Amino acid sequence: MQAGDSVVGAPMAVAGAQSRSEDEDSLGIKDVKRMASQAFGSGLPKRRSSSRSIKRKKFDDELVESSLVKSSSRMKGPPMIEPIRCSGSEPSSSEKKKVTKSGTSLTPPLTMAVNPAAITKRVKKSKQPLHVTKDLGRWKPTDDLLLINAVLQTTDLTSVHLGVKFSCRFTLREIKERWYALLYDPVISKLAWQAMRQLHPEAIAAIQSKALFSQPEEALLAKIGSTSQPKVDVFQELLCKHPSVFHPSRTPKSLLVHWQLLKQYYLLDDQSVQPLPKGDQVLNFSDAEQMVDDVKLKESRDEVLEHELMISDRHQKKEIRQLEQELPRWQVLVDNITGMSMPDFDNQTLAALRGRMVRYLMRSREITLGRATKDKPIDVDLSLEGPAWKISRKQGMIKLKNNGDFFIANEGRRPIYVDGRPVLSGNKWKLNNNSVVEIAGLRFVFLINLELISMIKAEAAKLTQQ
């Protein structure tokens with residue numbers, strides 16, 4: 001190395017002198033001189049480089065690749081860098097001149113050679129986890145174990161799809177694809193096997209206890225008669241006699257439960273399902289309901305209950321009669337308190353329309369009701385009783401006929417209520433003594449002078465007789 005250093009030092013001095021004389025003011029030549037002195041002055045190149053990648057958001061597959069690359073780099077270490085010489089062990093003087101003169105087109109004598117084997121291995125390892133993560137999907141180790149046990153029991157993927165309850169709902173196509181992947185895909189089968197081996201023994205026992213019943217197992221259970229009431233000992237003997245037929249996780253209690261299900265759905269050997277009636281018409285619920293005899297559905301008479309109901313009915317009717325008898329007495333008290341007692345009529349008053357504030361006397365055979373204005377006077381101004389802005393100017397008319405009957409006619413827009421019955425516009429209704437008349441929220445009681453009306457009726461009868 002000392003001889004090499006002396007040989008390299010002499011050409012460098014010559015090159016330095018020529019460059020000072022030719023291009024002293026050029027900044028590019030100074031950089032070339034510095035790079036050349038660093039390259040030839042030491043045995044190994046001192047090149048600074050960063051292994052950091054540009055920071056940006058990574059996708060899921062890139063995260064898996066980066067984790068694999070980091071793990072592989074920790075195991076194997078940095079790549080080997082080998083110095084490779086150009087043609088010839090020592091550069092000639094003409095080449096040295098070219099190096100010093102051409103500042104931009106400098107080719108360093110040392111190059112980096114990275115071992116390509118490490119790159120290929122990284123690529124292969126980064127592909128595998130991607131494939132695995134895509135195939136795992138929603139399938140869990142418990143689902144795989146359930147699928148394997150069910151297929152071994154039934155050998156039918158359709159019955160597996162209908163009878164097995166997985167962690168999530170899978171379609172028949174997904175179940176088929178998973179079964180074929182477990183059979184023919186080495187990567188998926190290996191991963192599924194490793195995941196199933198990590199399950200807890202209790203979880204494995206719980207999954208195996210849910211295995212579907214095979215046809216030979218159901219055939220042995222169906223031989224037990226439906227009329228008999230077998231106990232757990234019978235199924236224990238059945239397990240001991242046929243250990244190769246039943247699943248290892250079967251217990252006498254589970255066999256008893258399944259036998260009860262077979263009996264419930266009439267699947268035992270001594271049971272038979274009634275065939276459907278032949279023909280186009282199939283018996284439905286409504287037809288069967290009509291065939292049922294209603295007499296048989298009636299409950300028997302309970303004489304004690306009927307007697308008690310009859311006695312309570314009598315007591316209630318007796319109380320109602322007593323209240324009806326006491327009602328007039330209470331009515332007199334109410335009228336005295338509220339001032340609604342029968343007024344003292346004179347010989348000229350035919351009837352009275354009494355409200356809460358005002359009392360209107362009817363002294364002619366026909367009076368008009370409404371809201372009085374300056375232009376149109378009215379016989380009974382209802383605005384004196386209360387707010388009458390909803391009442392028409394001529395709301396109605398009360399008229400006494402020759403036979404002694406009073407009628408009210410509605411001539412306004414709003415209905416008039418007589419004892420709670422509406423009288424619409426253009427209609428009329430008979431008024432009795434103590435009838436309640438309601439007009440736009442204002443209530444009145446219509447009181448008739450019965451003595452004067454009876455005299456009028458008598459006179460009218462005499463006139464008709466004459």
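A residue counts as partly exposed when its relative accessible area lies between the buried limit of under 20% and the exposed limit of over 50%. Asn434, at 45% relative accessibility, is therefore partly exposed. The model is predicted. In this model, Asn434 sits in the loop that links strand 9 (428–431) to strand 10 (435–439). Its phi is near 65 degrees, a positive value in a residue other than glycine.

The chain has 466 residues, of which 26% are buried. Its secondary structure comprises 17 helices and 11 strands. Among contacts with a separation of 6 or more, 54% join residues 24 or more positions apart. The chain exposes about 35000 Å². Carbon and sulfur atoms supply 55% of that area.

Helix 6 spans residues 141–154 and has 14 residues. From first C-alpha to last, helix 6 reaches 20 Å. This is close to the 20 Å expected at 1.5 Å a residue. Helix 6 is mostly covered, with 10 of its 14 residues buried. Leucines are represented among these buried residues by Leu145, Leu146 and Leu147. Asp143, Asp144, Asn149 and Gln153 are also buried, as are Ala150, Val151 and Thr154. The buried residues of helix 6 pack against several other helices. These partners are helix 7 (157–163), helix 8 (172–184), helix 9 (186–197), helix 10 (201–209) and helix 11 (215–222).

Thr155 comes just after helix 6. It lies in the loop between helix 6 and helix 7. Its phi is near 55 degrees, again a positive value in a residue other than glycine. Thr155 has a relative accessible area of 66%, so this residue is exposed.

A nonpolar patch lies on the surface. Val257, Leu261, Tyr265 and Leu267 make up this patch, which covers about 400 Å². Val257 belongs to helix 13 (residues 252–264). Because its relative accessible area is 44%, Val257 is partly exposed.

Asn449 occupies the loop between strand 11 (442–448) and helix 17 (450–465). With a relative accessible area of 7%, Asn449 is buried. Leaving aside residues up to four places away in sequence, Asn449 touches Phe345, Asp346, Thr349, Leu350 and Ala351. Asn449 is thus a buried loop residue, whereas Thr155 is an exposed one.

Key:
Residues numbered from 1 in each chain as written. Predicted model: local features only at pLDDT ≥ 70, side-chain atom pairs only at ≥ 80, totals over all residues. Heavy atoms only, no water. Helix = DSSP H or I, 4+ residues; strand = E, 2+ residues; numbered from the N terminus. Buried < 20%, exposed > 50% of the residue type's maximum accessible area, 1.4 Å probe, protein only. Contact = heavy atoms within 4.5 Å. Areas by Shrake-Rupley, 256 points an atom, 1.4 Å probe, with all protein chains shown as cover. Patch = residues over 30% accessible without salt bridge, like charges linked within 9 Å, V, L, I, M, F, W, Y side chains within 5 Å. Salt bridge = Lys/Arg side-chain N within 4 Å of Asp/Glu carboxyl O. Expected span 1.5 Å × (residues − 1).
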